[in-house]
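User: Could you take a close look at the ligand site in this one for me? I'd like to hear what surrounds the ligand and how the protein holds on to it.

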Amino acid sequence: MAKDSAVLKSLRDQKGQFVSGEEISKKLKVSRSAVWKEIQVLKNLGYEIGAGPHLGYRLLGIPDRMLPDELSAGIKTKFIGRQIISYEETRSTNDAVFHLGEEGLKEGVCVFAEHQTQGRGRLGRAWVSPKYKNILFSVLLRPDLSPAGVSKVTLMAAVSVVKTLRLLTGRRFHIKWPNDVLFHEKKLCGILTEMSSEPDRVNFIVVGIGINVNADPGELVKGATSLKEITGTWQSRIEISQTLLETFESDYLQLKKGEFEALAKKWEEFSSTSGKRVTATVLGRKIHGTAVGIDKEGALWIRTDSGLQEKILAGDVQHEK
Ligand code: BTN
């Protein structure tokens, strides 16, 4: 959608003050007409740029778009989101990142989209999101894990989302096993982890995250909510994405160090599943009981009504009222 723009950086550095076209062209060692052309490109992307005779240009406003330049500006990560591709529209950001994984790109590359034509959820469901309103992105990871260990990454991602949203909004979001982020039992965020693997080791993982940010109630599917609905105000998708990428990186580094237990503890703290009456559906079979918690693999344990304990590695869980 946009490349890293040195002209934009020059404008940003001025913090709203004028900078002359000549100064930019000298600094960047390009012609003044090249600067002018780049200014037109930025304007077309929605940047508000003021121009004054003898004064030059100044940045007045940035568009509410998930542009790589905005997502990268000031981000404090080392490798997550250091390379960002952003689409106005794509099939699914998970597909796009999967493709990059097959091409051998390094871990940390992220694909964002304003709209997905085939957005996917877990268990074959669709993920529907109105254009320009929400956060839709996927990240490529190459952890040294066996396929069975991948659920740890999924749980970790949910922990990163809840930490981020609690920090930025002060609201108490919860996790429904394995990784739905809820607010008062309404879904705010979904996470879809997909992988390419050999029988005993993972080649790469794609973690796809969808967060309802500024969608209005009428644009949401039944049972879903958005940050705007919860807080009553518009929220910055850029700020949320940057904080999330930073949190995600530090949690992922902890996971890589073999410290999943600390993350599992956080997961338990944020979980609204543990201790609840639940109905789990595993390959079409329904299990009724009380959720006990997760183990060190990230599997959910349920004490069934017959008194047995069942371990669930994958599937779907409904909280009973
Ligand atoms: C779920 O709750 O079922 C998971 C939803 C995951 C949605 C995200 S949006 C970005 C990424 N691309 C997709 O097609 N899906 C994930």
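Analyst: Here's a walk around the ligand site, followed by a few notes on the rest of the chain. Keep in mind that this is a predicted model.

Let's begin with where the ligand is: it sits in the largest pocket. Four elements each give two or more residues to the shell around it, namely helix 5 (93-102), strand 5 (135-141), strand 8 (186-197) and strand 9 (202-211). Strand 8 supplies the largest share of that shell, with four residues.

Now for the residues themselves. There are 20 residues around the ligand, and those that come nearest are Ser92, Gln116, Arg120, Arg122 and Lys187. By character, the shell splits into 10 polar residues, six nonpolar ones and four charged ones.

Two of those nearest residues also show up when you look at individual atoms. Lys187 puts a polar side-chain atom 2.5 Å from an oxygen atom of the ligand. With Arg122, the backbone is what counts here: one of its N or O atoms lies 2.5 Å from a ligand oxygen. Thr93 deals with a nitrogen atom of the ligand instead, with an N or O atom of its side chain at 3.1 Å. As for how much of the ligand is covered, on its own it has 420 Å² of accessible area, and the protein covers 98% of that.

Right after Arg122 in the numbering comes a backbone detail you may want to check. Leu123 has a positive phi, near 55°, although the residue isn't a glycine. You'll find Leu123 in the loop between strand 4 (110-113) and strand 5, and strand 5 is one of the elements that contribute to the ligand shell.

There's another backbone feature further along the chain. Trp177 and Pro178 are joined by a cis peptide bond, with omega at about 0°. Pro178 belongs to the loop that runs between strand 6 (174-176) and strand 7 (180-183).

Finally, the wider setting. The chain is divided into domain 1 (3-61), domain 2 (68-270) and domain 3 (277-319). Between the C-alpha centres of domain 1 and domain 2, the distance is 33 Å.

Note on methods: Residues are numbered from 1 along each chain as its sequence is written. This is a predicted model: local features need pLDDT of at least 70, side-chain atom pairs count only at pLDDT 80 or more; totals for chains, interfaces and linings use all residues. Side-chain values use heavy atoms; hydrogens and water are left out. A residue is near a molecule or strand if one of its heavy atoms lies within 4 Å of it. A polar contact is a pair of N or O atoms within 3.5 Å; within protein, one must be able to donate a hydrogen and the other to accept it, and residues adjacent in sequence count only if both atoms are side-chain atoms. Accessible areas come from the Shrake-Rupley method with a 1.4 Å probe; for residues, only the protein chains shown count as cover. On a 1 Å grid over the protein atoms alone, a cavity is a set of points where a 1.4 Å probe fits but cannot get out, and a pocket is an open set with protein on both sides within 12 Å along at least five of seven lines; lining residues have an atom within 4 Å of a point. A molecule sits in a cavity or pocket if more than half of its atoms lie within 2 Å of its grid points. Ala, Val, Leu, Ile, Met, Phe, Trp, Tyr, Cys and Pro count as nonpolar, Asp, Glu, Lys and Arg as charged, and the others, Gly among them, as polar. Domain bounds come from an automatic or database domain assignment.
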